[in-house]
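Work through the exercises below with the sequence and the structure side by side. Try each task yourself before you read its solution.

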Amino acid sequence: MARESQSDQIANELRERIKSGSLGPGALVPSEPELARAHDVSRATARAALQVLEQEGLVIVRPKRGRIVRGFSRLVWRLSEFELPENTGLVSSDAWEADIERQGHDPTRQDLQVEMVQPPPRIAEILDLHPDADRCVVRRHLRYIDGEPGIISDDYFDEAIVRGTELAAPEDTTREDILKETGYEQTYDVDEIITRMPTAAEVARLSISANQPVAEHTRVGYTAAGKAVRVMVSIVPGSVLVLRYVVPT
């Protein structure tokens, strides 16, 4: 029987730690230098061991962080904490990525498309826009989890309010206070969640089957005077996330 290589020995040890839970979902895996020192091997040998775990899907690589243990359970989207000032800027990319990564998944990729459009009837009603004369800016996000489409998250704004700001630009932004700087500070949100079957466009964007139910989460941001200034509409396939709120009592 062939003797087990050093890289296989290291991979087996890490695999057992992952299976036992001592390295749980989202945990940072020892780095190549750390493994090389601990096992008195070269960095190439340590790298080969880690690559075995990558190929098995047990760990994922995160830029600037290293390798983390991948999670396989349904993810939790903490909606009551999602956009608190200490967690995020207005568009919330950093908060989304940090939360999903903590649960052992790779949220790195997201596609962004920014358009100026005629407001859909429901958006026009919420933002108090004329459906024909007015325009809105929509920032369409498709957020990926472990390289697969995970959630649609589209933000709508009155074009007259965000004209000339970063919210109307084609680049992503996580800077806070953009609406505040325009004179329309968002001070509270109202959420609604419904479940339904997906539209044909959602089936295409999310690469899901037409018979898979989705949750539609709508978050409307208001000023202190009660003016709606932002509508975020998120579409979540029924098998992907748990939508969680913490409600003070």
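**Exercise 1. Find where Asp146 lies, and decide whether Asp146 is buried, partly exposed or exposed.**

Solution. Begin with the place in the chain: Asp146 lies in the loop between strand E5 (136–145) and strand E6 (148–158), where helices (H or I, at least four residues) and strands (E, at least two) are DSSP runs, numbered from the N terminus. The model is a predicted one, in which local features need pLDDT of at least 70 and side-chain atom pairs count only at pLDDT 80 or more, while totals for chains, interfaces and linings use all residues. Residues are numbered from 1 along each chain as its sequence is written, and side-chain values use heavy atoms, with hydrogens and water left out.

Next, take the backbone, where Asp146 has a phi near 55°, a positive value in a residue other than glycine. Finally, compare accessibility with the cut-offs: buried means under 20% relative accessible area, exposed over 50%, and partly exposed in between (1.4 Å probe, protein chains only). Asp146 has 21% relative accessibility, so Asp146 counts as partly exposed.

**Exercise 2. Work out where Asp128 is placed and what the sign of its phi is.**

Solution. First locate Asp128, which is in the loop between helix H5 (121–127) and strand E5. Then read its phi, which is near 60° and therefore positive, in a residue other than glycine. As a last step, note that Asp128 counts as exposed because its relative accessibility is 65%.

**Exercise 3. Determine which residues of helix H2 are buried and which elements help to cover them.**

Solution. Start with the inner side: in H2, which spans residues 32–39, Glu32, Leu35 and Ala36 are buried. Seen down the axis of H2, these buried residues fall within an arc of 100° (taken from the directions from the helix axis to the C-beta atoms), so they line one face of the helix. On the other side of H2, Arg37 and Ala38 are exposed.

Now look at the cover, which includes helix H1 (6–20), helix H3 (43–55) and strand E2 (66–69). Just after H2, the chain reaches Asp40, which takes a positive phi of about 55°.

**Exercise 4. Trace the salt bridge of Glu32, and then do the task again for Glu216 and for Arg219.**

Solution. Recall first that side chains of opposite charge can pair when their charged atoms come close. A salt bridge is counted when a side-chain nitrogen of Lys or Arg is within 4 Å of a carboxyl oxygen of Asp or Glu, and the structure holds 18 of them.

Step one: the side chains of Glu32 and Arg43 meet at 3.3 Å, N to O. Glu32 lies in helix H2 and Arg43 in helix H3, so the pair ties together parts that are eleven residues apart in sequence. Glu32 is buried at 9% relative accessibility, whereas Arg43 is partly exposed at 46%. Glu32 and Arg43 also belong to a network of salt bridges with Arg47, Glu54 and Arg67.

Step two: Glu216 pairs with Arg122, their closest N and O atoms being 3.3 Å apart. Since Glu216 lies in strand E8 and Arg122 in helix H5, this pair ties together parts that are 94 residues apart in sequence. Glu216 is buried, with a relative accessible area of 11%, while Arg122 is partly exposed at 35%.

Step three: Arg219 and Asp191 meet in a salt bridge of 2.8 Å, N to O. This pair links distant parts of the chain, with Arg219 in strand E8 and Asp191 in strand E7, 28 residues apart. Arg219 counts as buried at 5% relative accessibility, and Asp191 as partly exposed at 24%.

**Exercise 5. Identify the residues that touch the most other members of the largest nonpolar core.**

Solution. A nonpolar core is a set of buried Ala, Val, Leu, Ile, Met, Phe, Trp, Tyr and Cys residues joined through side-chain atoms within 4.5 Å. The largest one has 21 residues, and those touching the most other members are Ile123, Leu127, Tyr156, Leu206, Val231, Val233 and Ile235. The elements that give two or more residues to this core are H5, E5, E6, helix H8 (200–206), strand E8 (214–222) and strand E9 (228–237).

Then follow one member: beyond its neighbours within four places in sequence, Leu127 is in contact (heavy atoms within 4.5 Å) with residues including Tyr156, Phe157 and Val231. A second, separate core of 16 residues includes Leu35, Ala46, Leu53 and Val69.
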